[in-house]
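Q: Please take a close look at a single helix in this protein, going through which of its residues are buried and what surrounds them. Some detail on other local features would also help.

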Amino acid sequence: MTREYKKRTHTCGQLRPADIGKTVTLTGWVDVRRDLGGVVFIDLRDRYGTTQVVFSPQNSPKAYDSAQTLRSEYVVSITGTVGKRPTGTENVDITTGAIDVAGTELTILNKAETPPFPIKDDIDVSEDIRLRYRYLDLRRPSVQKNLFMRHKASHVTRSYFDRLGFTEIETPVLMKSTPEGARDFLVPSRIHRGKFYALPQSPQTYKQILMVAGFDRYVQIVKCFRDEDFRADRQPEFTQIDVEMSFVDEEDIISMTEGLMAELFKEILGVELKAPFRRLSYREAMERYGSDKPDTRFGLELKDCSADVAASGFRVFSETIAKGGVVAGFVVPGQAVMTRNQLDGLTDLAKANGAAGLVSIKVQEKFESSVDKFVSQSELKTIADRLGAKSGDLCLLISGPWQKAYSVLGALRMEMGSRLQLINQEQWDLLWVVDFPLLEYSEEEKRHLAVHHPFTSPKPEDVSLLSSKPLEARARAYDLVMNGREIAGGSIRIHDAGLQGQMFQLLGISPEDAKQKFGFLLDAFRYGAPPHGGIAFGFDRIIMLMAGQKSIRDVIAFPKTASAVSLMDEAPSSVEKSQLEELHLRIV
């Protein structure tokens, strides 16, 4: 039965001492009820805050009797008079803490069962339980705060691009499958038997076509879908700020991006970012930090020791270098005190990341290392000097192929930075990584792969390398990194049909395959494609970092688990046999 009730006059976070004496009506959820014998106190909550309401027989016997039946999460409407809290009972932790409301009318709009966890922040409950009852989890102030931040970031983003003359254009959600990267989510067609749509991994081809169509400044806050293995900062469906521009170069896109980030930080966090942001080449990022998304909020920089050990009697070093690999490492200050078990743990981490082993050197009056049997004291001193180690320090070294050695060192560096609490969590560290390789070679597939995607342009001065030394060609690509996380990436695109054909050939994509996968885009290029480029921002990841969260699930209203399951509505789920028959499908 629908109950008549008064509509609210104020929210639960609105009343102040200036409202004392007013008759008000509040609506919301019962957060806490305290029955003190003769007086009932209610903390009433909505998304704006909390207000204390006091019920007593003197104000209204009927409302007092009803208040005694209230339980947590009941939905109520309360009318009463705003009063000043007695001196010494003010609550400085809430915005309404100087007042309370003497309740005279109470309408219970809906009762509630006891929730499976308290609707409070900092609760000790598993994430699975929170996601199963997401509608309750979303009532918690911290989760709501994240979603309010996300809303504001969307507003700031659209306002920024509108001022710069961009047009927001929606692109299709049902598109052609162009498998080149992660797996597509496929949608069977009922009308066209045996054929499938794909959900877009990104609007890449559509935004390039929009450039051909003459929309020289496109933007979209868009849903994307990738059927891939998931981590804390990945979801099967995620949101991008997608941007494309015509008649531009890298500097135009980088400048536009820095302007957006500066505006987001100023409007949302009140933080002034200094532009232009620092830039590192891909090679420099790998050789100094062991990552193409380096966290430079702390030191422990890597150094190459190859020249010092090329003639070493320790064959692991000398043979690695002879094969074109590297020996590199870094210093951990003051950690010569690490125990054998602790060093074994670091060795296990190195092996888990693909290394054959880890060399450790304790810098003391007499050097102590894990390779004492093979490396002399003088050679250990040479290595320590190269790394810049001092007495009491620990040196960690990896030998191996360039990519693998530096990647393993990067993982070790992050582990030590975290373990020793060297990372300044209050610092915002934004930088660009540029000059990526255009291609990489897959031993598994025995072909070249695009480091970014097949439409990324090589640097003009490297085009000649495509026919002779393709792995040395650099891409006109750029990634924006914040606090060790990639938050945006893009490139200048290939707009010349001949160069695009050469790129497809290098990737092992035949003219027939290219036409089958990307024919509509290649056809569009025949009719006058302007030079163009763009960038895509990981919107969920940006909000996660700005909100100080560790997972993008905390900034998405209805996220899925790490195994891509929605615990609240049990998706994915089975469907009726008749639905499968309509789609001409059969479960085998």
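A: Buried here means under 20% relative accessible area, and exposed means over 50%. The model is predicted. With that cut-off, helix H13, residues 497–506, has these buried residues: Leu499, Gln500, Met503, Phe504 and Leu506. They lie on the same side of H13, because the arc they cover around the axis is only 160°. A general point about helices fits here: an α-helix has 3.6 residues a turn, so residues three or four places apart point the same way. Ala497 and Gln505 are exposed, on the other side of H13.

The cover over the buried residues of H13 includes two strands, E18 (439–442) and E19 (447–450). Helix H14 (511–525) is also included in that cover.

Both ends of H13 have a local feature. At its start, the backbone nitrogen of Gly498 has a side-chain oxygen of Asp496 within 3.1 Å. Just after H13 comes Gly508, with a positive phi of about 75°.

Backbone geometry elsewhere can be set beside this. Most residues other than glycine have a negative phi, and most peptide bonds are trans. Phe247 is not a glycine, yet its phi is positive, about 55°. Phe247 sits in the loop that runs between strand E10 (237–246) and H6, and it is exposed, with a relative accessible area of 65%. Ala564 also has a positive phi, near 65°. Its place is the loop between H15 and H16, and at 19% relative accessibility Ala564 counts as buried.

Two cis peptide bonds can be added. One joins Ala275 and Pro276, with omega about 0°; Pro276 belongs to the loop between helix H6 (250–269) and strand E11 (278–281). Another joins Ala571 and Pro572, again with omega about 0°, and Pro572 is in the loop between helix H15 (539–546) and helix H16 (577–582).

A last site is Ser369, in strand E15 (residues 368–369). Ser369 is buried, at 11% relative accessible area. Its side chain reaches the backbone nitrogen of Val371 at 3.1 Å and makes a polar contact of 2.8 Å with the side chain of Asp372. Leaving out residues up to four places away in sequence, Ser369 touches Ser360, Ile361 and Leu380.

Note on methods:
Residues are numbered from 1 along each chain as its sequence is written. This is a predicted model: local features need pLDDT of at least 70, side-chain atom pairs count only at pLDDT 80 or more; totals for chains, interfaces and linings use all residues. Side-chain values use heavy atoms; hydrogens and water are left out. Helices (H or I, at least four residues) and strands (E, at least two) are DSSP runs, numbered from the N terminus. Buried means under 20% relative accessible area, exposed over 50%, partly exposed in between (1.4 Å probe, protein chains only). A polar contact is a pair of N or O atoms within 3.5 Å; within protein, one must be able to donate a hydrogen and the other to accept it, and residues adjacent in sequence count only if both atoms are side-chain atoms. Contact means heavy atoms within 4.5 Å. The arc is that of the directions from the helix axis to the C-beta atoms.
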